[in-house]
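Colleague: I am new to this structure and would be grateful for a guided discussion. May I put my questions to you in turn?

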Amino acid sequence: MARARLALTAAALAGAALLASAAPGAACPRDPRDDPATWEYEGVYDCTKATVGHGVRTYTKPSPVAFVVIKTGKTYFVSELGDANEGDRTYTFDKNIRFVITCNFTDA
């Protein structure tokens, strides 16, 4: 009985050590495209990030917005600047939208 308890304790400690050593390496570095500041181009645009409700696959960009960055799954969609001021634009995707970065023109 003591031998079984010792074996279980050793296995648990080895498993914990393995998980602890893998945890720092398992974390993925953040993608800079997820940060609104990446899209501001040195103050030309003012960008904000918003999450979207679960199961949403369409997004309507209001006409005064310069452009939007929409992440679906692992894919990033960037709307064209030519869409600005031409009326609202609705984009539809095959996967759920994870977040939207909205960028407006600044006075810079």
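**Strands, core and loops**

Modeller: As a starting point, E3 and E6 pair in the antiparallel sense, over six bridges. Please bear in mind that the model is predicted.

Colleague: Which residue is the bridge partner of threonine 72 in E6?

Modeller: Threonine 72 also stands opposite a residue of E4, namely threonine 75. In E6, the bridge partner of threonine 72 is isoleucine 97.

Colleague: How many helices and strands are there in the chain, and what pattern do they follow along the sequence?

Modeller: The chain holds one helix and six strands. Read along the sequence, they give the pattern α-β-β-β-β-β-β.

Colleague: In what order do the four strands of the open sheet lie?

Modeller: E3 is joined to E4 by four bridges, and these two strands run antiparallel. E1 and E6 also pair in the antiparallel sense, over seven bridges, and lysine 49 has isoleucine 101 as its bridge partner in E6. With E3 and E6 paired as well, the order of the open sheet is E1-E6-E3-E4.

Colleague: Which are the edge strands, and by what angle are neighbouring strands turned against each other on average?

Modeller: An edge strand here pairs on one side only, and this holds for E1 and E4. Direction ignored, the average turn between neighbouring strands of this sheet is 15°.

Colleague: Which residue takes a positive phi in the hairpin of E3 and E4?

Modeller: Within the paired strands, isoleucine 70 stands opposite phenylalanine 77 in E4. Two residues lie between the strands of this hairpin. The positive phi, near 60°, belongs to glycine 73.

Colleague: Which strand supplies the largest share of the largest nonpolar core?

Modeller: This core has ten residues, among them Trp39, Tyr45, Phe67, Tyr76 and Phe99. E1 (45-51), E3 (67-72) and E6 (97-105) each supply at least two of its residues. The largest share, three residues, comes from E6.

Colleague: How many residues make up the other core that lies apart from it?

Modeller: The other core includes Tyr59, Val65, Val68 and Val100. The number of its residues is eight.

Colleague: Which residues does tyrosine 45 contact, leaving aside neighbours within four places in sequence?

Modeller: Tyrosine 45 is itself part of the largest nonpolar core, as are Trp39, Ala66, Phe67 and Cys103. Its contacts are Trp39, Glu40, Ala66, Phe67, Leu81, Cys103, Asn104, Phe105 and Thr106.

Colleague: Which cysteines form the disulfide, and how far apart are their sulfur atoms?

Modeller: A search of the whole structure finds one disulfide. The cysteines that form it are cysteine 47 and cysteine 103, with their sulfur atoms at 2.1 Å.

Colleague: How many residues apart in sequence are the parts that this disulfide ties together?

Modeller: Both cysteine 47 and cysteine 103 are buried. Because cysteine 47 lies in strand E1 and cysteine 103 in strand E6, the pair ties together parts whose separation in sequence is 56 residues.

Colleague: Is the disulfide right-handed or left-handed?

Modeller: The torsion about the S-S bond of cysteine 47 and cysteine 103 is about 115°. The disulfide is therefore right-handed.

Colleague: Is serine 79 buried or exposed, and which backbone nitrogen lies 2.9 Å from a polar atom of its side chain?

Modeller: Serine 79 is found in the loop between E4 (75-78) and E5 (89-92). Its relative accessibility is 5%, so serine 79 counts as buried. Not counting residues up to four places away in sequence, serine 79 touches Lys61, Phe67, Val68 and Tyr91. The backbone nitrogen at 2.9 Å from a polar atom of its side chain is that of valine 68.

Colleague: With which side chain does the side chain of aspartate 34 make a polar contact?

Modeller: Aspartate 34 is found in the loop between H1 (2-26) and E1. Its relative accessible area is 14%, which is under the 20% limit, so aspartate 34 is buried. Leaving aside neighbours within four places in sequence, aspartate 34 is in contact with Lys49, Lys71, Tyr76, Phe99 and Ile101. The polar contact, at 2.3 Å, is with the side chain of tyrosine 76.

Colleague: What percentage of the residues of the chain count as buried?

Modeller: The chain has 108 residues. The percentage that count as buried is 27%.

Notes: Residues numbered from 1 in each chain as written. Predicted model: local features only at pLDDT ≥ 70, side-chain atom pairs only at ≥ 80, totals over all residues. Heavy atoms only, no water. Core = buried A, V, L, I, M, F, W, Y, C linked by side-chain atoms within 4.5 Å. Buried < 20%, exposed > 50% of the residue type's maximum accessible area, 1.4 Å probe, protein only. Contact = heavy atoms within 4.5 Å. Polar contact = N/O pair within 3.5 Å; in protein donor to acceptor, adjacent residues only side chain to side chain. Disulfide = S-S within 2.5 Å. Pairing = 2+ DSSP bridges. Axes fitted to C-alpha atoms, helices over the stretch in contact; angles between N-to-C directions.
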